[in-house]
Amino acid sequence: MRRVMHGDLVAVARHLLRVPPGARGAAVVRIVERAQAADLYRKRHGRAHPRWGDGTLRAVVAGAFLPPEPPLSDGRYLQCLIAVLQVLAARAGDPVAQDMHSGVVGSGARRSP
């Protein structure tokens, strides 16, 4: 997966606004997995993946309808941003995020012993 930028975070959070709260963590995990696969495809074939783009999170959700970005005072949007950040932090090795993320279905994150 390519480096995550602010636009990736916003795009995925906007996408999550249409996902039920209980399914958001698993949705982010799937998006990250698709971005990883797309990046490998891009490196191997020298072009973007036909469905998942160039290996960025934003490219994975680009084909879906994205609602306008709400203000940060919108609690639902904040929860979506948090869901994305928790998955990314868990992947980066943050033990607190891994602990919070460990119950997400489809997550590759594991609790530290």
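User: What makes helix α2 oblique to helix α4?

Analyst: In this predicted model, helix α2 (residues 24–45) and α4 pack at an angle of about 50 degrees, with their axes 9 Å apart. Axes are lines fitted to C-alpha atoms, for helices over the stretch in contact, and angles run from 0 to 180 degrees between N-to-C directions. Angles under 35 degrees count as roughly parallel, over 145 as roughly antiparallel, 65 to 115 as roughly perpendicular and the rest as oblique. The angle of about 50 degrees therefore makes α2 oblique to α4.

User: Why are α1 and α2 called oblique to each other, and what is the handedness of their crossing?

Analyst: Helix α1 (residues 6–16) packs against α2 at an angle of about 135 degrees, with the two axes 11 Å apart, and α1 and α2 are therefore oblique to each other. Their crossing is right-handed, a term used if the near helix is turned clockwise from the far one by less than a right angle, whereas an anticlockwise turn makes a crossing left-handed.

User: How do you know that α1 and α4 are oblique to each other?

Analyst: The angle between α1 and α4 is about 120 degrees, and their axes are 8 Å apart, so the two helices are classed as oblique to each other. The crossing of α1 and α4 is right-handed, and α2 also passes α4 in a right-handed crossing.

User: How many helices and strands does the protein have?

Analyst: The protein has five helices and zero strands, where helices (H or I, at least four residues) and strands (E, at least two) are DSSP runs, numbered from the N terminus.

User: Why is the contact of Asp39 and Arg42 called a salt bridge?

Analyst: A salt bridge is a side-chain nitrogen of Lys or Arg within 4 Å of a carboxyl oxygen of Asp or Glu. The side chains of Asp39 and Arg42 have an N to O distance of 2.6 Å, so the pair meets that limit. Being three residues apart in helix α2, Asp39 and Arg42 are separated by about one helical turn. Lys43 and Asp39 also meet in a salt bridge, at 3.5 Å from N to O, and Asp39, Arg42 and Lys43 are thus linked in a network of salt bridges.

User: Which of these residues are called buried, partly exposed or exposed, and why?

Analyst: Buried means under 20% relative accessible area, exposed over 50%, and partly exposed in between (1.4 Å probe, protein chains only). Asp39, with a relative accessible area of 3%, is therefore buried, Arg42 at 24% is partly exposed, and Lys43 at 58% is exposed.

User: What makes Asp54 and Arg2 a salt bridge?

Analyst: Asp54 forms a salt bridge with Arg2, the closest N and O atoms being 3.9 Å apart. The pair links distant parts of the chain, 52 residues apart, with Asp54 in the loop between α2 and α3 (57–61) and Arg2 in the segment before α1. Asp54 is partly exposed because its relative accessible area is 28%, and Arg2 likewise counts as partly exposed at 34%.

User: How were the residues numbered and the atoms chosen?

Analyst: Residues are numbered from 1 along each chain as its sequence is written, and side-chain values use heavy atoms, with hydrogens and water left out. Because the model is predicted, local features need pLDDT of at least 70 and side-chain atom pairs count only at pLDDT 80 or more, while totals for chains, interfaces and linings use all residues.
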